[in-house]
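Student: Got a minute? I'd like to go through this protein with you before I get back to the bench.

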Amino acid sequence: MSLGLVDSFMVKDIGNYGTAMSAVSNVDQVSSLLIQLFAAFGVGGTVITSQLIGAGKIEEANKSAKQLVVLMLLASIVIMTVCLALNHQIVNLFFGGKNDNEEYLGFAYTYFYVMAASFPFLAVFNSCAAILRAQRKSVNTLVSGAISFVANVGLNALLIYVCKLGILGAALGTLFAHTKEVEFASVKPGSPAKFYINSSPAHKSYPTVKIVKPVDGNPAPEGVKYCVQRHLGSLEGINKRTINQFIIGDVCESCQLAMGMTELAEGSAWNTLSSHTHERRMEVYMYFKLPENEAVIHLMGQPQETRHVILHNEQAVISPSWSIHSGVGTHNYTFIWGMCGENQTYDDMDNVATRDLK
């Protein structure tokens, strides 16, 4: 739930005819826009820093992280200064117009002043969150977001109802966090479903789409889309497989995430051969439907200096953009692939001939 929405509810009794609630709701749109902007900058920082960490260039990764924080802080200070200096003009431009209610404009001016002052903190939070994601410490940002949400509600109650600061109290109590509630359930609780989640930062909202595998001869039901299926390989090459592309441009829109599932036919063992790398996106493989006593030997690393890792059922491995990602199993299997990055063109890859692997 948006913190601006919480503020709107908590100030609904201030002013006449909901003017405070309207002012907060409108001005919060600017804060939301800035949050998305800072998050977008953070995505770039995450990609670059992750690549440097994965390549073992820790000193360069530290420099990249410092540059991200400094640049976002400086940019946010400039934006804050402009918003503070042109507070009335910006509010009148976007939220005034025909609405010349002096009480409404007064509330909007006050709320926007405090929100503008918080922009540098928003920038630092998003840049630090990006750096933590690059270090696989996303749980830290989740915890801080939850704390800020609870603190905001508590401070709102204190400043609005106890200190009688009205809309100023709502603005002062608002920090910077946006969360959404998602619920998971199983149709058969006695045999619960297993959920596997891939996520990546997003700068825009797209429609939610239910995607399933095609049913031969039947059109997709209303409100449902079929994934794209590609049949590749051969039994002679022990790599006959079906690639099911679920989250991909032809099926549904996504900011950075591409996702699908590859099923190997009985008698096949190899995936993603010949090998490849791809610029500006990383990839995760999660192997499943693998019998208990079987394994997958997953190849990774730079093409001229490969390494391998042994994986068993329902285990995952992360490959940065410079790493190949191929595997061979002692039994056929299925794996879910998820890619994150601004390069979402599925076939945009740098192929590596098998004879050139070392």
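Tutor: Sure, let's go over the overall make-up, the cores, a pocket and a hairpin, keeping in mind that this is a predicted model.

Student: Okay, how many helices and strands does the protein have?

Tutor: There are 8 helices and 14 strands.

Student: And what percentage of the residues count as buried?

Tutor: Of the 358 residues, 41% count as buried. As for contacts with a separation of 6 or more, 68% of them come from residues 24 or more positions apart.

Student: Let's talk cores. Which residues in the largest nonpolar core touch the most other members?

Tutor: That would be Tyr287, Tyr333, Phe335 and Trp337, out of 27 residues in that core.

Student: Which elements give two or more residues to this core?

Tutor: Those are β4 (241-247), β5 (257-264), β8 (282-288), β9 (296-302) and β13 (334-340). The most comes from β5, which gives 5 residues.

Student: Back to that tryptophan. What does tryptophan 337 touch, leaving out residues up to four places away in sequence?

Tutor: Quite a list: Ile243, Asn244, Gln245, Ala258, Met259, Gly260, Met261, Thr262, Glu283, Val284, Tyr285 and Tyr346.

Student: What about the second core, which residues does it include?

Tutor: That one is separate and has 25 residues, among them Val30, Leu34, Ala108 and Ala123.

Student: Changing topic: pockets. What volume does the second largest pocket have?

Tutor: About 310 Å³.

Student: Which lining residues are the closest to its centre?

Tutor: Ile243, Thr272, His276, Tyr346 and Met349, from a lining of 21 residues. You've already met Ile243 and Tyr346, since tryptophan 337 touches both.

Student: Which elements give two or more residues to that lining?

Tutor: β3 (228-232), β4, β8 and β13 do. The largest share is 3 residues, and β13 provides it.

Student: How does the lining split by class?

Tutor: You get 9 nonpolar, 7 polar and 5 charged residues.

Student: One last thing, β9 and β10. How many residues sit between them in their hairpin?

Tutor: The hairpin has 2 residues between the two strands.

Student: Do they run parallel or antiparallel, and how many bridges join them?

Tutor: Antiparallel, with 7 bridges joining β9 to β10 (residues 305-311).

Student: Which residue in β10 is the bridge partner of isoleucine 297?

Tutor: Another isoleucine: isoleucine 297 has isoleucine 310 as its bridge partner.

Methods. Residues numbered from 1 in each chain as written. Predicted model: local features only at pLDDT ≥ 70, side-chain atom pairs only at ≥ 80, totals over all residues. Heavy atoms only, no water. Core = buried A, V, L, I, M, F, W, Y, C linked by side-chain atoms within 4.5 Å. Buried < 20%, exposed > 50% of the residue type's maximum accessible area, 1.4 Å probe, protein only. Helix = DSSP H or I, 4+ residues; strand = E, 2+ residues; numbered from the N terminus. Contact = heavy atoms within 4.5 Å. 1 Å grid on protein atoms, 1.4 Å probe; cavity = no way out; pocket = protein on both sides within 12 Å on 5 of 7 lines; lining within 4 Å. Points joined across faces, edges and corners; volume = space filled by probe spheres on them. Nonpolar A, V, L, I, M, F, W, Y, C, P; charged D, E, K, R; others polar. Pairing = 2+ DSSP bridges.
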